[in-house]
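User: I would like a close look at one part of this structure: a pair of packed helices, and how they meet. Please add some context on the other chain afterwards.

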Amino acid sequence: MEKIPNNRAWWLVLPVFLLVAFSALIPLMTVVNYSVQDIFGPGQAYYVGTEWFKEVLADERLQDSLIRQFVFSGFVLLIQIPLGIGVALMMPKSGVKGSLCLILIAIPLLIPWNVVGTIWQIFARGDIGLFGWGINQLGIDYNYTGDTLDAWLTVLLMDVWHWTPLVALLCYSGLRAIPEAFYQAAEIDRASKWAVFRYIQLPRLKSVLIIAVLLRFMDSFMIYIEPFVLTGGGPGSSTTFLSQTLTTMAIGQFDLGRAAAFSLIYFLIVLLISWLFFTAITHADKEK
Amino acid sequence: MIAWMNWTPTVVVFFVVIAMILAVMTVYEIVSPCTERKGFLPIETTRGDRLFIGLLSAAYINLTFLAVSDITLWVALAVSVAWLLVLLRWG
């Protein structure tokens with residue numbers, strides 16, 4: 001029987017397209033539109049061209065928070081990816097112990113962001129928080145509301161606590177997908193534990209790890225609620241990351257044009273990095 | 001609706017041009033479907049990939065011009081268009 005090509009089914013996509021246009025495309029276009037105007041209120045908008053972009057690109061406060069953002073995301077990846085792999089390697093392979101580990105590890109992932117922020121805000125306090133009090137009892141001067149380094153360490157620690165489980169779970173599923181025959185072959189060759197990790201487990205984890213890196217990068221790059229609740233961006237502006245700077249600008253100062261220009265630049269950075277990761281993933285799949 | 005949402009002519013032209021590029025590329029694709037190929041870019045790309053790379057780099061070219069110089073953006077636009085054409089042909 002000959003197949004007749006029929007593309008009419010594409011019309012079924014139309015409702016989704018309209019919905020996406022209404023909820024995502026047109027709002028994005030509106031942001032582009034706002035970015036070239038100075039808006040004081042309804043009916044009081046003035047065309048300013050690319051002035052906002054020029055100002056935003058030269059704004060030191062924004063440059064600083066962009067650098068902070070990259071440093072933060074870099075540390076998040078440097079800590080969480082190796083740690084996640086390590087945790088996944090140490091987890092029991094199956095049985096009751098395995099399930100128990102999975103549940104325990106997944107708990108932080110189930111807690112809403114603002115609750116995580118609140119938990120750590122109390123947990124890290126020197127007077128009533130267990131963690132802060134304990135560190136102070138060890139004779140180390142620790143105060144995340146006053147000291148820049150302490151604030152950074154606390155925010156990082158909180159993020160590691162919250163999100164390393166995601167990396168661990170992804171790696172765990174990747175490890176379980178490796179056929180037993182690979183390990184048997186390695187045993188016959190008397191391969192060391194390190195060799196098994198380096199030449200069997202790590203290459204097999206590649207695609208899972210790319211997804212983990214992408215997810216963790218995007219999430220940490222757009223982090224807002226947790227540091228906002230924990231430190232409020234302080235002390236000073238030392239833990240004020242990009243999205244918080246943007247929110248202050250858009251809602252606090254109601255500087256719509258400038259905030260729109262800034263969010264477009266933010267969007268372009270995220271778009272570029274996601275595209276790079278996406279290309280890396282599809283490229284890795286093709287090589288197989 | 002245009003007045004109510006404060007659409008400015010510049011932005012309207014911008015999006016109309018992008019919509020037209022997409023429409024033309026869609027028709028072109030239907031008339032003569034493309035296959036993945038390897039040009040000077042390190043990865044195999046389709047026509048659509050190259051268009052996306054071209055548009056994204058156009059945004060960065062324009063931002064770079066804005067950030068480091070006072071040259072009019074028409075120059076940046078010319079550079080972007082030239083780069084986009086080079087990409088589509090040899091990328």
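Analyst: What follows describes one helix pair, then the contact between the chains and one helix of the second chain.

The model is predicted. Two packed helices are described by the angle between their axes and the distance between the axes. For helix 7 (residues 148-176) of chain A and helix 10 (residues 206-221) of chain A, the angle is about 160 degrees and the axes lie 9 Å apart. Angles over 145 degrees count as roughly antiparallel, and helix 7 of chain A and helix 10 of chain A are therefore roughly antiparallel to each other. Their crossing is right-handed.

On the helix 7 side, the residues in contact include W163(A), L166(A), V167(A) and L170(A). From helix 10 of chain A, they are met by residues including I211(A), A212(A), L215(A) and R216(A). By class, this contact has nine nonpolar, three polar and three charged residues.

Chain A also touches chain B: 19 residues of chain A are in contact with 14 residues of chain B. Helix 13 of chain A provides the largest share of the chain A side, seven residues. That side divides into twelve nonpolar, six polar and one charged.

In chain B, helix 2 (residues 47-68) has 22 residues and should span 32 Å at 1.5 Å a residue; its end C-alpha atoms are 31 Å apart, which agrees. The buried residues of helix 2 of chain B are R50(B), I53(B), F65(B) and L66(B). Their cover includes helix 2 (51-58) of chain A and helix 3 (73-90) of chain B.

Conventions
Residues numbered from 1 in each chain as written. Chains lettered and ligands numbered in written order. Predicted model: local features only at pLDDT ≥ 70, side-chain atom pairs only at ≥ 80, totals over all residues. Helix = DSSP H or I, 4+ residues; strand = E, 2+ residues; numbered from the N terminus. Expected span 1.5 Å × (residues − 1). Buried ≥ 20, exposed ≤ 12 C-beta atoms within 10 Å, placed from the backbone. Contact = placed C-beta atoms within 7 Å. Nonpolar A, V, L, I, M, F, W, Y, C, P; charged D, E, K, R; others polar. Axes fitted to C-alpha atoms, helices over the stretch in contact; angles between N-to-C directions. Parallel < 35°, antiparallel > 145°, perpendicular 65-115°, else oblique. Left-handed = near helix turned anticlockwise from the far one by under 90°.
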